[in-house]
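Let's walk through this one together, starting at the ligand and then moving to the surface.

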Amino acid sequence: MNLNEALNFRRSVRYYDKEQPVDQNVVKECIALSTLAPSSSNMQLWECYHIVDKKCIAEIAHACLDQSAATTADQLVIYVTRQDLYSSRAKNVLDFEKGNIERNSPKERQHKRIKDREVYYGKIMPFLYVRFFGFIGFIRKIIALSIHLFRPMALEVTECDTRVVVHKSCALAAQTFMIAMAEKSLDTCPMEGFDSIRVKKILKLPKGAEVNMIISLGIRKGNRGIWGERYRIPFEKQYHRI
Ligand SMILES: Cc1cc2nc3c(=O)[nH]c(=O)nc-3n(C[C@H](O)[C@H](O)[C@H](O)COP(=O)(O)O)c2cc1C
């Protein structure tokens, strides 16, 4: 399948064929491909749980409000945000970037580029992602608005804003996974209809983790797999050329 075909093939499948299991290694490959998705500042504040255990699938399907997309699934893939890992992820990226600059930048520019990255990942990123009951986000907003008076400045810096930033990047990975699956003629359904407290408990997730999307997967079962034709708002209403 080319990209166009894969995008057209992908539908939200709500009923899977129990007789047709999916190779777990192929799913794992698609999850690995999803790591190629872009993420804000390359912080990659997410992780993924590949659920293959039938008992665990049944428990999570129940937490997914017993939707048929979950109860009939062969496996589940759960994308989880990990804003709480901002410190270690920033350090990982900084360590990589230092080597990257040494390998790929002209000698005379290396010192300044490394210093810039140290400020960005060592100071700015930790300050942007740290949370404390909304208070630090409020301070960030005041600082950002003050700078904005003199020059363009990113203003989405409250604690709610950074949570959106983290979920946005995680959702891009989830979508990349679904496209990778479609390219292999494998079906998926993204779900946000679930009880997040129950799911977190089943997966034993830490407090700072948030469930972004639960994706069920399998092979669509005939006409029951897809609920009718695909509906999209007329393109002219969504497309604005300036
Ligand atoms: C973030 C998100 C959450 C969704 N949650 C559910 C869900 O809980 N249950 C469900 O059956 N479909 C869910 N969907 C699927 C949408 O209903 C579906 O994408 C939409 O109707 C368009 O159909 P298509 O995916 O077949 O093109 C969700 C989709 C997204 C992107």
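The paragraphs below take the ligand site and then a nonpolar patch.

First, some ground rules: this is a predicted model, where local features need pLDDT of at least 70 and side-chain atom pairs count only at pLDDT 80 or more, while totals for chains, interfaces and linings use all residues. Residues are numbered from 1 along each chain as its sequence is written, and side-chain values use heavy atoms, with hydrogens and water left out.

Around the ligand you'll find Arg10, Arg11, Ser12, Arg14, Gln67, Cys189, Pro190, Met191, Glu192, Gly193, Arg230 and Arg232, each with a heavy atom within 4 Å of it. Sorted by class, that shell has six charged, three polar and three nonpolar residues. Here Asp, Glu, Lys and Arg count as charged, Ala, Val, Leu, Ile, Met, Phe, Trp, Tyr, Cys and Pro as nonpolar, and the others, Gly among them, as polar.

Now the N and O atom pairs. A ligand oxygen lies 2.7 Å from a side-chain N or O atom of Arg232, and an oxygen atom of the ligand is 2.9 Å from one in the side chain of Arg230. A ligand nitrogen is 3.1 Å from a polar backbone atom of Pro190. On its own the ligand has 620 Å² of accessible area, and the protein covers 67% of that (Shrake-Rupley method, 1.4 Å probe).

Over to the surface: Phe127, Phe132, Phe133, Phe135, Ile139 and Ile143 make a nonpolar patch of about 650 Å². Phe127 sits in helix 6 (residues 107-129).

Note on methods. Patch = residues over 30% accessible without salt bridge, like charges linked within 9 Å, V, L, I, M, F, W, Y side chains within 5 Å. Salt bridge = Lys/Arg side-chain N within 4 Å of Asp/Glu carboxyl O. Helix = DSSP H or I, 4+ residues; strand = E, 2+ residues; numbered from the N terminus. Polar contact = N/O pair within 3.5 Å; in protein donor to acceptor, adjacent residues only side chain to side chain.
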